[in-house]
Amino acid sequence: MAIKFSNTFLLRKLHQITGIVPLGIFFFVHMFTNSKAMNGAANFDKAVKEIHDIPYLLLIEIFGIFLPLLFHSVYGVLISSEAKPNVMNYGYGRNWFYMLQRATGIFLFLFILFHLLNLRFGLIPGLTEVAVAGNADKAFSIVASDFQKTWVLIVYILGVIATAWHLAYGFFLFAVDWGIVIGEKAQKMTLAGCAALAVLLSVVGINAAFAFRSPCGLMPKALCEAPAAPAKAAPAGPTKF
Ligand code: HEM
């Protein structure tokens, strides 16, 4: 009998954990860092520089982000290829969510690949071909120049929404699968909470994307600590009274 990857207990649990612990936490931190663009280029560049100055950064990236991401996405694509969508037979919400989780997973595989080649490595022809890695002082201007292109902005907005939904619904599936949320009412409430989290993360991520086009992004300027204009230089020479 052929082995089904989706039935391999340990790999399945590892897939759930990698989605939540390193990758979920990374996404929260990443959206928070991106939001620093709301307060201007210098503020964002400083945040990126602080990340670049973390000791053992390359090892943290490899073992904390890239390897979990590789395992989570490759195993996720394998599960998706074995999925049997039944939305046509049963129109229940959960069946649609089941399909959406797989569809967003496959989209994210392509999006994250594009995103890494674009900003991390500066390798997408026709976009700013300068990597943010190693160029913290140009980080804002690299992202901002690519985000001037409407198609790039749209791809990133879709990437943010897909990640926010995939992660938030992943929290729900995790809570049910690990027996943390059992009763029907509790599951309904948890699902509503996760949907609200997906909306919140999407709003924060989309606003951060717009912040590379105008200060504060889509937020009213009154709610955002816009960068203060540099103080005027004192007049040179002695002042006469
Ligand atoms: C507003 C949208 C986004 C912006 C402006 C953005 C910006 C950036 C930048 C500038 C980098 C390079 C950091 C560096 O090399 O120092 C980066 C890396 C990365 N981004 Fe995003 N990002 C966005 C959305 C996303 C989304 C939705 C995901 C999905 C999980 C994601 C996942 C990653 C990953 C995995 C890295 C590599 C991290 C590393 O090299 O340590 N990003 N992003």
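**Exercise 1. Find which residues of α2 are buried, and decide how they are arranged around the helix.**

Solution. Step 1: in this predicted model, the buried residues of α2 are F44, D45, A47 and V48. Step 2: viewed down the axis of α2, these buried residues fall within an arc of 160°, so they line one face of the helix. Step 3: the other side of α2 carries A42, K49 and E50, which are exposed. Step 4: the partners of the buried residues of α2 are α1 and α5, against which they pack. Step 5: α2 has 12 residues and spans 16 Å from its first C-alpha to its last, close to the 16 Å expected at 1.5 Å a residue.

**Exercise 2. List the contacts of F44 beyond its neighbours within four places in sequence, and place F44 in the largest nonpolar core.**

Solution. Step 1: with neighbours within four places set aside, F44 is in contact with K36, A37, A139 and F140. Step 2: the largest nonpolar core has 29 residues. F44 is among those with the most contacts inside this core, a group that also includes A37, A139, V143, A164, W165 and A168. Step 3: at least two residues of the core come from each of α2, α4, α5, α6 and α7. Step 4: α6 gives the largest share of the core, 9 residues.

**Exercise 3. Describe the secondary structure of the chain, and state what part of the chain is buried.**

Solution. Step 1: the chain has 7 helices and 0 strands. Step 2: the pattern along the sequence is α-α-α-α-α-α-α. Step 3: of the 241 residues in the chain, 22% are buried. Step 4: among contacts in the chain with a separation of 6 or more, 66% are between residues 24 or more positions apart.

**Exercise 4. Work out what surrounds the ligand, and which elements supply the shell.**

Solution. Step 1: the ligand is surrounded by 24 residues, of which L119, V132, A133, T163 and A209 are the closest. Step 2: two or more residues of the shell come from each of α1 (9-35), α2 (41-52), α3 (57-81), α4 (93-120), α5 (139-147), α6 (150-177) and α7 (184-211). Step 3: α4 gives the largest share of the shell around the ligand, 5 residues. Step 4: sorted by class, the shell holds 16 nonpolar, 6 polar and 2 charged residues.

**Exercise 5. Identify the buried residues of α4 and the helices they pack against.**

Solution. Step 1: T104, G105, L108, N118 and L119 are the buried residues of α4. Step 2: the buried residues of α4 pack against α3, α5 and α6. Step 3: L119 also appears among the residues closest to the ligand. Step 4: just after α4, G122 has a positive phi of about 60°.

**Exercise 6. Locate Y56 and C216, each with a positive phi, and compare their exposure.**

Solution. Step 1: most residues other than glycine have a negative phi. Step 2: Y56 is a residue other than glycine, yet its phi is positive, near 60°. Step 3: Y56 sits in the loop between α2 and α3. Y56 is exposed, with 10 other C-beta atoms within 10 Å. Step 4: the phi of C216, another residue other than glycine, is positive and near 75°. Step 5: C216 belongs to the segment after α7. C216 counts as partly exposed, having 19 C-beta neighbours inside 10 Å, and the threshold for a buried residue is 20 or more.

Key: Residues are numbered from 1 along each chain as its sequence is written. This is a predicted model: local features need pLDDT of at least 70, side-chain atom pairs count only at pLDDT 80 or more; totals for chains, interfaces and linings use all residues. A residue is near a molecule or strand if its C-beta atom, placed from the backbone, lies within 6 Å of it. Helices (H or I, at least four residues) and strands (E, at least two) are DSSP runs, numbered from the N terminus. Ala, Val, Leu, Ile, Met, Phe, Trp, Tyr, Cys and Pro count as nonpolar, Asp, Glu, Lys and Arg as charged, and the others, Gly among them, as polar. A residue is buried if 20 or more other C-beta atoms lie within 10 Å of its own, exposed if 12 or fewer, and partly exposed in between; C-beta atoms are placed from the backbone. Two residues are in contact if their C-beta atoms, placed from the backbone, lie within 7 Å. The expected span of a helix is 1.5 Å times one less than its number of residues. The arc is that of the directions from the helix axis to the C-beta atoms. A nonpolar core is a set of buried Ala, Val, Leu, Ile, Met, Phe, Trp, Tyr and Cys residues joined through C-beta atoms within 7 Å.
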